[in-house]
Amino acid sequence: MKIFGMVGWRDSGKTTLIVNLLPELIRRGLEVSTIKHTHHGFDIDKPEKDSYKHRKAGAREVLVTSSTRWALMHELHENPEENVEAMIARMGPVDLLLIEGFKEHGHPKMEIHRPSVSRPLLCKEDPNIVMVASDEPLGEVSLPVLGLDDIAGIADFIIDYCGLAGGPGN
């Protein structure tokens, strides 16, 4: 399984890029999964659901399943957040795992940069960033820079960088 990350400052467009990129990668014959890191507390469950009641009653893990999908919710309680390696180990095998966030981790990444967000380029401090996608030209970057809307070009770069076939019958 190849791993490639997307990093950038808040509101830079990481999620939008991944959502636009996924259909292109899948069209090219790749099986792709994602991990999305968030710094915000979140809950995918709802108070009126039985699974929520199970968790609130103290269950450490609740697995919800149906004929179309399953989801495992694991309560951390007072334990620290697990690292990215632990999250990767939980994933099933695929051709490509895209990771949104986890700036500190050492996997190869692309930076999503919008000068209008008024934040510095991350690639100047992170040697694991191997390319940049931006909505404006970036003269001061020595890495490959592609337009945020160049989905085919970004897919080409990731497929090439990761050494994936990326074609029908992959």
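In this predicted model, Val7 has Glu111 as its bridge partner in strand β6. That pairing belongs to a set of three bridges between β1 and β6, the latter covering residues 109-113, and the two strands run parallel. Strand β1, residues 2-7, is also joined to strand β5, residues 96-100, by five bridges, and this pair runs parallel as well. Within the β1 and β5 pairing, Phe4 stands opposite Leu98. Strand β1 is thus bridged to β5 and to β6. As a general point, side chains in a regular strand alternate between the two faces of the sheet.

Strand β6 also holds His113. Is His113 buried or exposed? His113 counts as buried because its relative accessibility is 6%, and the limit for buried is under 20%. Leaving aside residues up to four places away in sequence, His113 touches Arg119, Pro120, Leu121, Val132, Ala133, Ser134, Asp135 and Leu138. Strand β7 spans residues 129-134, and among the contacts of His113 are Val132, Ala133 and Ser134.

The loop that leads from β6 to β7 contains Ser118. The phi angle of Ser118 is near 60 degrees, which is a positive value in a residue other than glycine. Ser118 is exposed, with a relative accessible area of 62%. A second residue with such a backbone angle is Asp11, where phi is near 70 degrees, again positive and again not in a glycine. Asp11 lies in the loop between β1 and helix α1, the helix being residues 14-27. Asp11 too counts as exposed, at 58% relative accessibility. Exposed here requires a relative accessible area over 50%, so the 58% of Asp11 meets the limit, as does the 62% of Ser118.

The cysteines come next. How many disulfides does the structure hold? The number is zero. Cys123 is in no disulfide, and the nearest cysteine sulfur, that of Cys162, is 18 Å away. Cys162 is likewise in no disulfide, its nearest cysteine sulfur being that of Cys123 at 18 Å. A disulfide is a covalent bond between the sulfur atoms of two cysteines. The cut-off for counting one is a pair of cysteine sulfur atoms within 2.5 Å. Both residues are nevertheless covered: Cys123 counts as buried at 14% relative accessibility, and Cys162 is buried with a relative accessible area of 8%.

These details sit in a protein with four helices and eight strands. Read from the N terminus, the order of elements is β-α-β-α-β-β-α-β-β-β-β-α. The order thus begins with a strand and ends with a helix.

Some overall values complete the description. The C-alpha trace spans about 55 × 40 × 25 Å along its principal axes. The protein has 170 residues, and 39% of them count as buried. Among contacts with a separation of 6 or more, 53% are made by residues 24 or more positions apart. The parallel pairing of β1, residues 2-7, with β5, residues 96-100, is one example of elements brought together from separate parts of the sequence.

At the surface, the protein exposes about 10200 Å², of which carbon and sulfur atoms supply 52%. The protein carries 19 positive and 26 negative charges, and the mean positions of the two groups are 5 Å apart.

Note on methods: Residues are numbered from 1 along each chain as its sequence is written. This is a predicted model: local features need pLDDT of at least 70, side-chain atom pairs count only at pLDDT 80 or more; totals for chains, interfaces and linings use all residues. Side-chain values use heavy atoms; hydrogens and water are left out. Buried means under 20% relative accessible area, exposed over 50%, partly exposed in between (1.4 Å probe, protein chains only). Two strands pair if DSSP finds at least two bridges between them. Contact means heavy atoms within 4.5 Å. Accessible areas come from the Shrake-Rupley method with a 1.4 Å probe; for residues, only the protein chains shown count as cover. Lys and Arg count as positive and Asp and Glu as negative; His and the chain ends are not counted. The place of a charge is taken as NZ of Lys, CZ of Arg, CG of Asp or CD of Glu.
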